[in-house]
Amino acid sequence: MGSFARYHGKIRECFVEFRGSTLTTKEIKSIIKLKMPSFDERWIHPSDHCINHTCIGACECAKTDSAIFERIKRGLYKVI
């Protein structure tokens, strides 16, 4: 299990109240930092948890029904 997968559940919990909202990468990082202060924000990449976009080293949720975000455009994500 990769490091992203270890934190997936905690990251998902951060965004329950934001379902349906569209957020920027900066807003997403701020929410995670507020709710998970010990998490290093350098490792926060919304694309690692996207249903329609991914990159090398992404969480196992990427491109699955377990994804947290849908990429609208670069730097803008919808919480699903």
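## A58 and its partner

A58 sits in the loop between helix 2 and strand 2 (69-73). This model is predicted. A58 is partly exposed, because its relative accessible area is 24%, and the cut-offs for that class are 20% and 50%. In sequence, A58 and D48 are 10 residues apart. In space, their C-alpha atoms are 4.2 Å apart.

## K63: a positive phi

K63 also has its place in the loop between helix 2 and strand 2. Its phi is near 60 degrees, a positive value, and the residue is not glycine. In general, most residues other than glycine have a negative phi. K63 counts as exposed because its relative accessible area is 54%, over the 50% cut-off.

## Salt bridges

How many salt bridges does a search of the whole structure find? The search finds two.

One joins K35 and E17. Their closest N and O atoms are 2.6 Å apart. This pair links distant parts of the chain, 18 residues apart. K35 belongs to helix 2, while E17 belongs to the loop between helix 1 and strand 1 (22-24). The two partners fall into separate accessibility classes: K35 is partly exposed at 36% relative accessibility, and E17 is exposed at 60%.

Another salt bridge brings together the side chains of D40 and R42. The N to O distance is 2.6 Å. R42 is exposed, with a relative accessible area of 62%. D40 is partly exposed, because its relative accessibility is 27%, which lies between 20% and 50%.

## D40 in its loop

D40 lies in the loop between helix 2 and strand 2. Besides its salt bridge with R42, D40 can be placed relative to K29. The two are 11 residues apart in sequence. From C-alpha to C-alpha, D40 and K29 are 9.8 Å apart in space.

## H8 in helix 1

H8 has its place in helix 1. Is H8 buried or exposed? H8 is buried, because its relative accessibility is 14%, under the 20% cut-off.

Which residues does H8 touch, leaving aside neighbours within four places in sequence? H8 is in contact with H49, C59, C61, S66 and I68. S66 has a polar link as well: its backbone oxygen lies 3.2 Å from a polar atom of the H8 side chain.

## The cavity

The structure holds one cavity of 30 Å³ or more. The largest cavity contains about 60 Å³ of space. Its lining is made up of 11 residues. The closest to the centre are I11, I32, I44, H45 and H49. One of these, H49, is also a contact of H8.

Which elements give two or more residues to this lining? They are helix 1 (3-14) and helix 2 (25-35). By residue type, the lining of the largest cavity has nine nonpolar residues and two polar ones. No charged residue takes part in that lining.

## Points to locate in the structure

- Buried H8, at 14% relative accessibility, with the backbone oxygen of S66 3.2 Å from a polar atom of its side chain.
- The salt bridge of K35 with E17, spanning 18 residues.
- The salt bridge of D40 with R42.
- Exposed K63, with phi near 60 degrees.
- The C-alpha atoms of A58 and D48, 4.2 Å apart.
- The largest cavity, with I11 and I32 among the residues closest to its centre.

Note on methods: Residues numbered from 1 in each chain as written. Predicted model: local features only at pLDDT ≥ 70, side-chain atom pairs only at ≥ 80, totals over all residues. Heavy atoms only, no water. 1 Å grid on protein atoms, 1.4 Å probe; cavity = no way out; pocket = protein on both sides within 12 Å on 5 of 7 lines; lining within 4 Å. Points joined across faces, edges and corners; volume = space filled by probe spheres on them. Helix = DSSP H or I, 4+ residues; strand = E, 2+ residues; numbered from the N terminus. Nonpolar A, V, L, I, M, F, W, Y, C, P; charged D, E, K, R; others polar. Buried < 20%, exposed > 50% of the residue type's maximum accessible area, 1.4 Å probe, protein only. Polar contact = N/O pair within 3.5 Å; in protein donor to acceptor, adjacent residues only side chain to side chain. Contact = heavy atoms within 4.5 Å. Salt bridge = Lys/Arg side-chain N within 4 Å of Asp/Glu carboxyl O.
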